[in-house]
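Q: Could you take me on a close look at one helix in this structure and what surrounds it? I am new to this structure, so please explain each term as you go.

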Amino acid sequence: MVKAKYRILILSNDTAEAGRIKSALELQGFACIVVQPGEESMIVADLAVIDVDSLALSNQIEALLTELRQKERRPVIALLQPDVLHILRAHADIEDFILKPWDVRELVFRIQRIIRRTESSNSHIIVCNDLRIDTEKCEVSIAGMLLDLTFTEYELLKFLASHKGKAFSREALLTDVWGYNYYGGERTVDVHIRRLRSKIEVGSRIFIETVRNIGYKFDDFSSKSPPKAPNS
């Protein structure tokens, strides 16, 4: 069984079919989100499964694929009947397809194969919820919107995000981010953490936790809502 760390977006106009796909994938350990066309761009997911048959007659395929690609390159697997196979000729950006009646073992195999391939090609990308760090382009985005970070803020975020869940002291951060020759006080770390939080912790998002008597650690704490120490 797959660990529930991969999120699968399911798009279908057929509620019953969407429910069957969701139930089958959740039994295999995937976290699934079922949405109606038009809602998909707001959801963070590793891969999308689209029920082509339920969308083809309403001419929603073109708009749907455009929307899926709008904010991030999200892989797509199509489920369809043989008589609508011609739809795929016009949509080469669909990564894979399965003819109905679909088999859950085949669907899981194809999902895992695409995710492994995507992770290998995106080794320079760090993702936490809808926070995305591109270490090749030195870009950070939230829900597809680029953030304006200073060089030190970016380096601090990249370092913490590269060691998700690990607590670092202020002294360690000064050494690893600012460098051995930096003679500023540890308060410098607190100031940069505060500025960084103001830019990445938008809405209910919480990514940086203050670890009392130690320093800071990075993770997706949005659902845990840990208390923040004052003036840090």
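A: Right after helix H6 comes Gly179, with a positive phi near 110°. Helices and strands here are DSSP runs, H or I of at least four residues for helices and E of at least two for strands, numbered from the N terminus. Before we go on, please note that this is a predicted model, in which local features need pLDDT of at least 70 and side-chain atom pairs count only at pLDDT 80 or more, while totals for chains, interfaces and linings use all residues. Residues are numbered from 1 along each chain as its sequence is written, and side-chain values use heavy atoms, leaving out hydrogens and water.

Now step back into H6 itself, which covers residues 170-178. Its buried residues are Arg170, Leu173, Leu174, Val177 and Trp178. Looking down the axis of H6, you find these buried residues within an arc of 105°, so they line one face of the helix. The arc is taken from the directions that lead from the helix axis to the C-beta atoms. "Buried" means under 20% relative accessible area, "exposed" means over 50%, and "partly exposed" is in between, using a 1.4 Å probe and protein chains only.

What does that face pack against? The partners are helix H5 (151-162), strand E10 (168-169), helix H7 (187-200) and strand E12 (215-218).

One of the buried residues deserves a second look: the side chain of Arg170 meets that of Asp190 in a salt bridge, 2.7 Å from N to O. Asp190 belongs to H7 and Arg170 to H6, so this pair ties together parts that are 20 residues apart in sequence. Both Asp190 and Arg170 are buried. A salt bridge here is a side-chain nitrogen of Lys or Arg within 4 Å of a carboxyl oxygen of Asp or Glu. Side chains of opposite charge can pair when their charged atoms come close.

By this rule, the count of salt bridges is 14. H5, one of the packing partners of H6, holds another of these pairs: Glu155 and Lys158 meet at 3.6 Å, N to O. Those two are 3 residues apart in H5, which puts about one helical turn between them. Lys158 is partly exposed, at 23% relative accessible area.

Follow the chain past H7 and you come to strand E11 (residues 208-211), where Glu209 is found. Glu209 is buried, with a relative accessible area of 18%. From Glu209 to Arg197 there are 12 residues in sequence and 9.9 Å in space, C-alpha to C-alpha. Between E11 and E12 runs a loop that contains Asn213. Like Gly179, Asn213 has a positive phi, here about 65°, although Asn213 is not a glycine. Asn213 is exposed, with 78% relative accessible area.

For contrast, let us visit another part of the chain. Asp96 sits in strand E5, and its 8% relative accessibility makes it buried. Its side chain makes a polar contact of 2.8 Å with that of Arg110. A polar contact is a pair of N or O atoms within 3.5 Å; within protein, one must be able to donate a hydrogen and the other to accept it, and residues adjacent in sequence count only if both atoms are side-chain atoms. Asp96 also touches Ile114, setting aside residues up to four places away in sequence. Ile114 lies in helix H4 and is buried at 1% relative accessibility. Contacts of Ile114 beyond its neighbours within four places include Leu47, Pro75 and Glu95; a contact means heavy atoms within 4.5 Å. Beyond E5, a cis peptide bond joins Lys100 and Pro101, with omega about 0°. Pro101 is in the loop between E5 and H4 (104-121).

Finally, the whole chain gives these details a setting. The protein chain has 7 helices and 12 strands. Of its 232 residues, 44% are buried. Where contacts link residues at least 6 apart in sequence, 57% of them join residues at least 24 apart.
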